[in-house]
Amino acid sequence: MFGLKTTEILLIVLVILLLFGGKKIPELMKGMGRGVKSFKEGMSEEIKEEKKEDKEDVKKEEKE
């Protein structure tokens, strides 16, 4: 996983626990989950808009 060994991963997890505490981590993960979901929704909307623009461009070309 990303070239990290088990001991390195455990050390990173330990540092995160020390910095944020056990009670804050679920809140942080929840916030990250919301952020990822929002990002994915934004990306899917952008793709839909691009497809819509492409269809409109094709219709314009067909009329000409």
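Let's start with one lysine: K60 has a relative accessibility of 55%, so K60 counts as exposed, the cut-off for that label being over 50%. Keep in mind as we go that this is a predicted model. K60 sits in helix α2, and K60 also belongs to a positive surface patch, where its partners are K51, K55, K59 and K63.

Now step back to the whole chain. What is it built from, in terms of helices and strands? The count is two helices and zero strands. The radius of gyration comes out at 22 Å, while the globule rule gives 11 Å for 64 residues; the chain is well over that value, so it is more spread out than a compact globule. You can also see this in the C-alpha trace, which spans about 65 × 30 × 10 Å along its principal axes.

What about burial? Of the 64 residues in the chain, buried ones make up 2%. The chain exposes about 6400 Å², and 62% of that area is supplied by carbon and sulfur atoms. As for charge, the chain carries 14 positive and 14 negative charges, and the mean positions of these two sets are 12 Å apart.

Besides the lysines, there's a nonpolar patch to look at on the surface. The patch is formed by L4, L11, I12, L14, V15, I16, L18, L19, F20, L28, M29 and M32, which together have about 1200 Å² of accessible area. Two elements give two or more residues to this patch, namely α1 (6-20) and α2 (24-63). Which of them gives the most? That's α1, with eight residues.

V15 is a handy residue to click on here, since V15 is listed in the nonpolar patch and lies in helix α1. Is V15 buried, exposed or partly exposed? With a relative accessible area of 39%, V15 is partly exposed; that label covers values between the 20% and 50% cut-offs.

For a valine in the other helix, try V36, which is found in α2. V36 has 44% relative accessibility, so V36 counts as partly exposed too. If you want a distance to check on screen, go from V36 to I25: the two are eleven residues apart in sequence, and their C-alpha atoms are 16 Å apart in space.

To put the pieces together: the chain has two helices, a nonpolar surface patch to which α1 gives the most, and a positive surface patch that includes K60, the exposed lysine we began with.

Note on methods:
Residues are numbered from 1 along each chain as its sequence is written. This is a predicted model: local features need pLDDT of at least 70, side-chain atom pairs count only at pLDDT 80 or more; totals for chains, interfaces and linings use all residues. Side-chain values use heavy atoms; hydrogens and water are left out. Helices (H or I, at least four residues) and strands (E, at least two) are DSSP runs, numbered from the N terminus. The radius of gyration is taken over C-alpha atoms; the globule rule is 2.2 Å times the number of residues to the power 0.38. Buried means under 20% relative accessible area, exposed over 50%, partly exposed in between (1.4 Å probe, protein chains only). Accessible areas come from the Shrake-Rupley method with a 1.4 Å probe; for residues, only the protein chains shown count as cover. Lys and Arg count as positive and Asp and Glu as negative; His and the chain ends are not counted. The place of a charge is taken as NZ of Lys, CZ of Arg, CG of Asp or CD of Glu. Patches are made of residues with over 30% relative accessible area and no salt bridge: like charges are joined within 9 Å, nonpolar side chains (Val, Leu, Ile, Met, Phe, Trp, Tyr) within 5 Å. A salt bridge is a side-chain nitrogen of Lys or Arg within 4 Å of a carboxyl oxygen of Asp or Glu.
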